[in-house]
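Let's take a walk through a protein chain together, starting from its overall layout and ending with its paired side chains. Please keep the structure open as you read.

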Amino acid sequence: MLTDIADGLAALAAAGIVDPRRACIVGGSYGGYAALAGVTVQQGLYRCAVAVAGVADLPAFVGWKQRGSGSKSAGLRFLREAIGAEDGAAMARLSSRQLAARADAPVLLIHGIDDTVVPVAQSEAMADALGRAGKPHEFIRMKGEDHWLSRDETRTAMLEASVAFLRRHNPAN
């Protein structure tokens, strides 16, 4: 998945559509994992990352999911297939939390505290790991909000915070 995103960026750059030195990666849920992995598992591609309700610790997330829905859930099958890892050791090697010291760009974490799809503990753990590694990051907890940021005012606040972060870390020339 990460190579697909990088290949897409490279194709857009080759077509003259984007400047690859000015790319940031933004995503929610699984896309939030991709954003975090884009600056930890991969390096050198993005000037900043925004992860909304992203998975940061794959083994912890899988364990949490298994306790709630069992090991045969469709969500777990998708995650394992998408990241290409079955066992805990392989998942740990692809977990942004484990690789926080490798983060090569500022990170914005946004998470609804009432999320029942990806627990807010995922973003809390990532913020803690980035902080311990001395990496630039911000963490916004959305009170009374779920995984989908279902309330209009919360979704607007998330978008405004994301745009402000992008402007700070990837300003227009």
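The paragraphs below go from the overall layout to the core, the surface and the links between side chains.

Please bear in mind that this is a predicted model. The chain holds seven helices and four strands. Reading from the N terminus, you will meet them in the order α-β-α-β-α-α-α-β-α-β-α. Of the 173 residues of the chain, 43% count as buried. Contacts across the sequence are a good thing to look at next. Taking contacts between residues at least 6 apart in sequence, 70% of them join residues at least 24 apart. As for the outside, the chain exposes about 8500 Å², and carbon and sulfur atoms supply 55% of that area.

Let's move inside. In soluble globular proteins, nonpolar side chains tend to be buried together. Here, the largest nonpolar core has 21 residues. Within this core, the residues with the most contacts are L36, V107, L109, M126 and L130. Which elements supply at least two residues each to this core? They are α2, β2, β3 and α6, the last of these spanning residues 121–132. Helix α6 gives the most, with four residues.

L109 makes a handy viewpoint for exploring this region. You will find L109 in strand β3. Is L109 buried or exposed? L109 counts as buried because its relative accessibility is 1%, and the cut-off for buried is under 20%. Leaving aside neighbours within four places in sequence, L109 is in contact with L36, A51, S123, M126, A127, L130, E138, F139 and I140. If you like to check C-alpha distances, try L109 and E124: they are 15 residues apart in sequence, and their C-alpha atoms are 8.8 Å apart in space.

Now for a nonpolar group on the outside. L12, I17 and V18 make a nonpolar surface patch of about 240 Å². One of them, I17, sits in the loop between α1 and β1. I17 is classed as exposed because its relative accessible area is 59%, and exposed means over 50%.

The loop between α1 and β1 also brings us to a covalent link. How many disulfides does the chain have? The count comes to one. The partners are C24 and C48, with their sulfur atoms 2.3 Å apart. The link of C24 and C48 is right-handed, with 100° about the S-S bond. This pair links distant parts of the chain: C24 is in the loop between α1 (2–14) and β1 (25–28), while C48 is in the loop between α2 (30–40) and β2 (49–52), 24 residues apart. The two cysteines fall into separate exposure classes. C24 counts as partly exposed because its relative accessibility is 23%, whereas C48, at 0%, counts as buried.

Our last stop is the charged side chains. Side chains of opposite charge can pair when their charged atoms come close. A search of the whole structure finds eight salt bridges. One of them pairs D57 with R97, the closest N and O atoms being 2.7 Å apart. This pair, too, links distant parts of the chain: D57 lies in the loop between β2 and α3 (58–69), and R97 lies in the loop between α5 (88–93) and β3 (107–112), 40 residues apart. D57 is buried, with a relative accessible area of 6%, and R97 counts as partly exposed at 29%.

Where do D152 and R155 lie? Both are in helix α7 (residues 152–169), three residues apart, about one turn of the helix. Their salt bridge has its closest N and O atoms 3.7 Å apart. D152 counts as exposed because its relative accessibility is 54%, while R155 is partly exposed with a relative accessible area of 33%. Beyond this pair, salt bridges that share partners join E145, R151 and E153 into one network. Within the network, the side chains of R151 and E153 meet in a salt bridge at 3.3 Å, N to O. R151 counts as partly exposed at 35% relative accessibility, and E153 counts as exposed at 52%.

Technical notes. Residues are numbered from 1 along each chain as its sequence is written. This is a predicted model: local features need pLDDT of at least 70, side-chain atom pairs count only at pLDDT 80 or more; totals for chains, interfaces and linings use all residues. Side-chain values use heavy atoms; hydrogens and water are left out. A disulfide is a pair of cysteine sulfur atoms within 2.5 Å. Buried means under 20% relative accessible area, exposed over 50%, partly exposed in between (1.4 Å probe, protein chains only). A salt bridge is a side-chain nitrogen of Lys or Arg within 4 Å of a carboxyl oxygen of Asp or Glu. Patches are made of residues with over 30% relative accessible area and no salt bridge: like charges are joined within 9 Å, nonpolar side chains (Val, Leu, Ile, Met, Phe, Trp, Tyr) within 5 Å. Accessible areas come from the Shrake-Rupley method with a 1.4 Å probe; for residues, only the protein chains shown count as cover. A nonpolar core is a set of buried Ala, Val, Leu, Ile, Met, Phe, Trp, Tyr and Cys residues joined through side-chain atoms within 4.5 Å. Contact means heavy atoms within 4.5 Å.
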